[in-house]
Amino acid sequence: MKALVSLLIFTLLFSLQAKESNLLDKVHSSVAQTWNNANNGLDTFFANKTFAEEESEGYLQLSFSHRINEHGIPVNNFDFRMKTSFPQTTKDLKFVIKDDTAQDQIGRTTTLSPIDSSPTDIENAATASKYSAILQYNFLEQDSWKITTDQGMRIDLPLNPFIQLRARYSSKISILSQELELNIIQRLRYYYQEKFSENSEVQLYKKLNHNMGLTFSTGVSWSYDTEQFTLGHGLSLHHKLSEKMAITYYARASALLSSLEYNSLSCGVSLTRQLYDKWFYGSLSLGSDFTRTNGFYSNNYAYFSGSILF
């Protein structure tokens with residue numbers, strides 16, 4: 001009986017979709033048009049090489065994910081991120097809403113693998129639900145330089161105001177007759193609760209061919225809480241398999257600068273595919289984490305996610 005009911009419901013839904021052609025497209029277009037009307041244009045993005053929300057003009061993204069760990073409980077997460085400008089006043093000022101936990105900002109270098117957004121810290125992943133409302137201002141954008149300021153409020157208890165300065169220098173360089181893209185990024189941030197933190201990073205990108213690119217990144221961070229410098233670096237190889245699918249191989253490591261002893265390592269592979277049109281994407285990541293506190297025994301994981309972009 002249940003199978004018959006399920007079959008009838010499926011048949012009804014299929015017939016309705018056939019009658020209303022591209023129903024999902026119409027729903028998506030309706031929502032996107034609402035944002036367009038409200039913001040006089042909202043750009044969407046999906047960048048295979050450098051997924052950098054700081055550089056984007058605007059977006060609206062809904063994401064959901066599920067992570068299965070060999071050691072530890074499964075982790076579910078829902079994420080909402082939005083960025084838009086004020087074209088009637090100035091395009092240099094943007095309004096951002098996103099998950100902006102201090103822990104994520106203090107101990108990280110910029111994400112090396114744009115496809116993989118899986119958390120490597122299980123505890124942070126389970127508690128990453130503190131959103132911030134941010135006003136972002138392009139203080140300077142000239143030649144190879146870009147300087148932005150963020151000022152906002154993290155919706156915490158109690159409320160947690162903060163300010164951030166981000167400076168980026170970009171250039172083309174040549175090393176051993178190989179042309180590379182260089183990015184030097186400096187972040188200075190002050191939270192009312194967590195106080196001061198900083199992150200300095202150098203990124204090198206080499207385009208290997210039309211479908212492959214290699215990224216190396218190394219950075220140093222410091223926070224008021226730990227009063228220690230942390231060194232982090234990583235390597236990722238991005239391979240575009242088709243117009244709808246890409247795969248990324250990555251490895252990352254971090255250590256305390258005082259002892260130069262590595263305390264965490266991770267490696268993995270991530271496959272991302274366009275599931276529907278150009279706004280619904282799915283990712284599957286398989287990898288392993290190694291931490292000193294766990295004797296560097298592997299903690300294998302599988303990570304599934306879906307993202308809807310407007």
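Residues are called buried when their relative accessible area is under 20%. By that cut-off F162 is buried, because its relative accessible area is 5%. The model examined here is predicted.

F162 belongs to one of the 4 aromatic pairs in the structure. Its partner is Y191. The two ring centres lie 5.0 Å apart, and the planes meet at 35°, so the pair is classed as tilted. F162 sits in strand β6 (residues 160–175), whereas Y191 sits in strand β7. The pair thus links distant parts of the chain, 29 residues apart. Y191 is buried as well, with a relative accessibility of 1%.

The rings of F196 and W222 make another tilted pair. Here the centres are 6.2 Å apart and the planes stand at 45°. F196 is in strand β8, and W222 is in strand β9 (residues 212–223). The separation along the chain is 26 residues, and this pair also links distant parts. F196 counts as partly exposed, at 33% relative accessibility. Ring pairs extend the arrangement to F229, so that F196, W222 and F229 form a cluster.

Strand β9 also holds L214. This leucine is partly exposed, with a relative accessible area of 31%. Its C-alpha atom is 9.9 Å from that of Y250, and the two residues are 36 residues apart along the chain.

Salt bridges were examined next. The structure contains 5 of them. One joins R67 to D289, with 2.9 Å between the closest N and O atoms. R67 lies in strand β1 (residues 59–69) and D289 in strand β13, so the salt bridge ties together parts that are 222 residues apart in sequence. Both residues are buried. R67 has a further contact with an aromatic ring. Its charged end sits over the ring of Y301, 4.0 Å from the ring centre.

A second salt bridge pairs R154 with E194. The closest N and O atoms are 3.1 Å apart. R154 is in strand β5 (residues 145–154). E194 is in the loop between β7 (178–191) and β8 (195–207). The two residues are 40 residues apart, and their pairing links distant parts of the chain. R154 is buried, at 1% relative accessibility. E194 is buried too, with a relative accessible area of 14%.

The salt bridge between K172 and E181 has its closest N and O atoms 3.3 Å apart. K172 counts as exposed, at 54% relative accessibility. E181 is partly exposed, at 23%. Another lysine, K195, lies over the face of Y192. The distance to the ring centre is 5.5 Å.

Strand pairing was then traced from β11 to β13. Strand β11 (residues 245–256) runs antiparallel to strand β12 (residues 261–276), and the two pair over 12 bridges. Y250 has G268 in β12 as its bridge partner. The two strands form a hairpin with 4 residues between them. In the turn, L260 has a positive phi of about 55°.

Strand β12 pairs in turn with β13. This pairing is antiparallel and also spans 12 bridges. S264 stands opposite T291 in β13. The hairpin of β12 and β13 has 3 residues between the strands. Within this hairpin, D277 takes a positive phi near 50°.

Strand β13 (residues 280–291) also carries L284. L284 is partly exposed, with a relative accessible area of 34%. This residue contributes to a nonpolar surface patch of about 480 Å². The patch is made by I68, L241, L271, L284, L286 and F304.

Terms used. Residues are numbered from 1 along each chain as its sequence is written. This is a predicted model: local features need pLDDT of at least 70, side-chain atom pairs count only at pLDDT 80 or more; totals for chains, interfaces and linings use all residues. Side-chain values use heavy atoms; hydrogens and water are left out. Patches are made of residues with over 30% relative accessible area and no salt bridge: like charges are joined within 9 Å, nonpolar side chains (Val, Leu, Ile, Met, Phe, Trp, Tyr) within 5 Å. Accessible areas come from the Shrake-Rupley method with a 1.4 Å probe; for residues, only the protein chains shown count as cover. A salt bridge is a side-chain nitrogen of Lys or Arg within 4 Å of a carboxyl oxygen of Asp or Glu. Buried means under 20% relative accessible area, exposed over 50%, partly exposed in between (1.4 Å probe, protein chains only). Rings of Phe, Tyr and Trp (its six-membered ring) pair if their centres lie within 6.5 Å; planes under 30 degrees apart count as stacked, over 60 as edge-to-face and the rest as tilted. A charge sits over a ring if NZ of Lys or CZ of Arg is within 6 Å of the ring centre and within 35 degrees of the ring normal. Two strands pair if DSSP finds at least two bridges between them.
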